[in-house]
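Okay, let's get going, I think everybody's here. I'll put the model up, and then we'll walk through it piece by piece.

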Amino acid sequence: MLKIKQTEMPQLLNAWAQKSRVFVPQDRGGVSAFLPWDGKGTLTLGKGNTLEPPKDIFFPRTETMYRYQVAEAATTLETMPPQKEQHVLVGIRSCDARSLEIMDDVFLTKGYEDEFYRQKRENTVVIALACNEALPTCFCTAFEIDPGRAEGVDVQMWMTSDSYLVEAITDKGEELLKQTSELLTPVENETLPDAAKPTLKVDVEGITEKLQQMFEHLYWAEVSRKCLGCGACTYLCPTCHCFDIQSENRGSSGFKFRCWDSCMFSEYTRMAGGHNPRPSKKERMRNRFLHKLQYIPERYGKYGCVGCGRCLDRCPVNVDITRVIREIKEVTL
Amino acid sequence: MVDAVSSNPLVPELGKIIKIIQETPDVKTFHITTDKGKPFTPMPGQLAMLSLLDVGEAMFSITSQGPEYLEIAIKKVGTLTEALHEAEEGQTVGIRGPYGNGFPLDMMKGKNLLFIAGGIGLAPVRSLINYCAEHREDYGNMWIIYGSRSPADLCFKEDLTYNWFKVENCRVNVTVDRGDENWNGHEGFVPAYLEELKPSPENCVAVTCGPPIMIKFVLQSLEKLGFKDDQIVTTLEMRMKCGVGKCGRCNIGSHYVCLDGPVFTLEQLKKMPNEY
Ligand code: SF4
Ligand code: SF4
Ligand code: FES
């Protein structure tokens, strides 16, 4: 195990930033987000989870897929150069670490690998930070996530009163820490701080099986009544991965890009002939909850919610997935 | 380190339209090839993502293929399809695929095959009919029942009136909702015609594609004739963007139509949420 004083963290980040692009929670106008470290920002590393999830580091809000030039003589298509830049993602919490596993299932399995995602995923060293304190909206433990130790990350960190304890988990993590060994002091027999204990308790046992029988239930009309269809819940959700593909033309040339989309928008499923299989917010909200709690579990064998609490924290009309789970367990079929 | 480019399923290859056939007033068939020849070799019922680079991209069923090209039949319904209808031979297109599961050829082996299609719904079924005609010894009797609104709306007329008659043990019945002065064939809707013709469900698989309303009544007629849910095969349409099960929008329950479909048996469909 290694150790570094909290006050020296900026130096460590600076050292990593010489070879890689370092993303670390920083303050941006009162909001905490994973932003590129330039040595000047205000770190919010130990202050609860970020409002924005880390997904855009692997799956940017908008991403150019290829460029083209349309011409009478010869139309050409130019692919994007492979992404070689190395990334270090510092300070993701256990819930968001689980979300990366779900994103991996979506983007890297079932017959096709999404190259845009894979390149960034492979070129990123992921460093987790254990939670000492839970926010009132945190319920990761409902999904058997340990706030004190993340799954599938390269390095795990813990915060003590004045330091960070740092442990390499993978070779990739080991490699990164070796590069900056002069800033990290080896220590032995350190006691790890107690992990956070989320107070928001939700029992998800049997929820998938219950939902499998609830597709036609009146509950969906009721729970979706207030929804504004703003999509904030899906934009902030670390596991929402839906995207649209669009092109931008400038005269005869242009580029094709993908951008985040949301199943909460009515256009999302509307077909060229006008038919829309999810015409109202009832169907759309049902899809969102079923996707998290039934469809992803059926398809990938794990829940699609990681209990980060972002959606319930920010929904303008207080749609709360923890309440929805409780209500679903109680409704009569 | 991955070298993105060619292995990237979201980036199309450039191809060309080498032939355009006007099937009906609003359906054209496009033959598409690339510098390397046929873009890929699909199985019957699979899909292709076709694009005009500066207009848009959409998923279409591949209706047939030659040694050097794919055939895609397209009905005018929106911006992209309108632009495609205005295109001329030589037009550059983007193409990627093949996508989807295709028809369950193994399950159909040795069976009598009943093909029931309406309008442009014959396009996906045609890929299967042509495949079975080429592998004639693997399948039992073939029977094609096809209908459209009017005689002018019949797609693939050459197949209906000539090519498929030459296939051994293949029967073709055509109907139109409403004939014109030159029409001396059958008049009436496909489901009613199907009930009149009374094909036997014995050792048979029925494949049906067409407008949703037709499918709905064809399924009822098939049930009346004694077909079981696992003897009925159909295709679904959903809005698609990625085609590879990533972008999320074509889901019906936990199935992605672009990946796990578009072909489903009625038995499978009945287990899925009714949201398509
Ligand atoms: S954040 Fe709330 S109001 Fe907005 S789309 Fe989601 S559930 Fe509806
Ligand atoms: S559904 Fe809500 S609580 Fe669950 S992972 Fe998404 S944003 Fe977090
Ligand atoms: S079209 Fe993207 S998931 Fe099916």
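Let me start in a slightly odd spot, with A:N189, which sits in the loop between β10 (185-186) and α5 (207-211) of chain A. What's the sign of phi there, positive or negative? For A:N189 phi is near 55°, so to speak on the positive side, and this is a residue other than glycine. Keep in mind, by the way, that what you're looking at is a predicted model.

Now zoom out to the whole of chain A. We've got 10 helices and 12 strands there. Its radius of gyration comes to 22 Å, and the globule rule gives 20 Å for 333 residues, which is close, so chain A is as compact as a globular protein of that length. If you want box dimensions, the C-alpha trace of chain A spans about 65 × 65 × 40 Å along its principal axes.

Chain A has ligands around it, so let's do those next. Ligand 1 has 14 residues around it, and the ones that come nearest are A:C227, A:C230, A:G231, A:C233 and A:C315. Which elements give two or more residues to that shell? Those are α7 (232-236) and α8 (281-300) of chain A. Sorted by class, the shell of ligand 1 holds 11 nonpolar residues, two polar ones and one charged one.

Then ligand 2. Around ligand 2 you'll find A:F139, A:C237, A:P238, A:C305, A:V306, A:G307, A:C308, A:G309, A:C311 and A:I321. By class that's eight nonpolar and two polar, with no charged residues in the shell of ligand 2.

Right, chain B. This one has eight helices and 16 strands. The radius of gyration of chain B is 18 Å, close to the 19 Å from the globule rule for 276 residues, so again we have a chain as compact as a globular protein of that length. Its C-alpha trace spans about 60 × 45 × 35 Å along the principal axes.

A few local things in chain B. Take B:Y131, in helix α3 (residues 122-134) of that chain. Leaving out residues up to four places away in sequence, what does B:Y131 touch? The list is B:M43, B:P44, B:L105 and B:Y139. B:L105 is 26 residues from B:Y131 in sequence, and the two C-alphas are 9.7 Å apart.

Also, if you're setting up anything with torsions, here are two cis peptide bonds in chain B. The bond from B:G97 to B:P98 is cis, with omega near -5°, and B:P98 is in strand β7 (residues 92-99) of chain B. The bond from B:G261 to B:P262 is cis too, with omega near 5°; B:P262 lies in the loop between α7 (257-260) and β16 (263-265) of chain B.

Last topic, the interface. People often give the size of an interface as the accessible area lost when the parts come together. Here, chain A and chain B bury about 4,100 Å² between them, and 57% of that is on carbon and sulfur atoms. Which three residues supply more than any other three on the chain A side? They're A:Y112, A:E115 and A:R299, with 16% of the area that chain A buries against chain B. In residues, the contact takes 56 from chain A and 44 from chain B.

On the polar side, the rule finds 19 residue pairs in polar contact across the interface, both partners at pLDDT 80 or more. It finds four salt bridges between chain A and chain B. In one salt bridge, A:D244 pairs with B:K241, and the closest N and O atoms are 3.0 Å apart.

So where does chain A's side come from? Elements giving two or more residues to the side that touches chain B include β4 (62-69), α2 (94-108), β11 (243-250), β12 (253-260) and α8 of chain A. The most comes from α8(A), with eight residues. And the class split for that side of chain A is 22 nonpolar, 15 polar and 19 charged.

That's my tour, happy to take questions.

Key. Residues are numbered from 1 along each chain as its sequence is written. Chains are lettered from A and ligands numbered from 1 in the order in which they are written. This is a predicted model: local features need pLDDT of at least 70, side-chain atom pairs count only at pLDDT 80 or more; totals for chains, interfaces and linings use all residues. Side-chain values use heavy atoms; hydrogens and water are left out. A residue is near a molecule or strand if one of its heavy atoms lies within 4 Å of it. Helices (H or I, at least four residues) and strands (E, at least two) are DSSP runs, numbered from the N terminus. Ala, Val, Leu, Ile, Met, Phe, Trp, Tyr, Cys and Pro count as nonpolar, Asp, Glu, Lys and Arg as charged, and the others, Gly among them, as polar. Contact means heavy atoms within 4.5 Å. Buried area is the accessible area (1.4 Å probe) that two parts lose on being put together, summed over both. A salt bridge is a side-chain nitrogen of Lys or Arg within 4 Å of a carboxyl oxygen of Asp or Glu. A polar contact is a pair of N or O atoms within 3.5 Å; within protein, one must be able to donate a hydrogen and the other to accept it, and residues adjacent in sequence count only if both atoms are side-chain atoms. The radius of gyration is taken over C-alpha atoms; the globule rule is 2.2 Å times the number of residues to the power 0.38.
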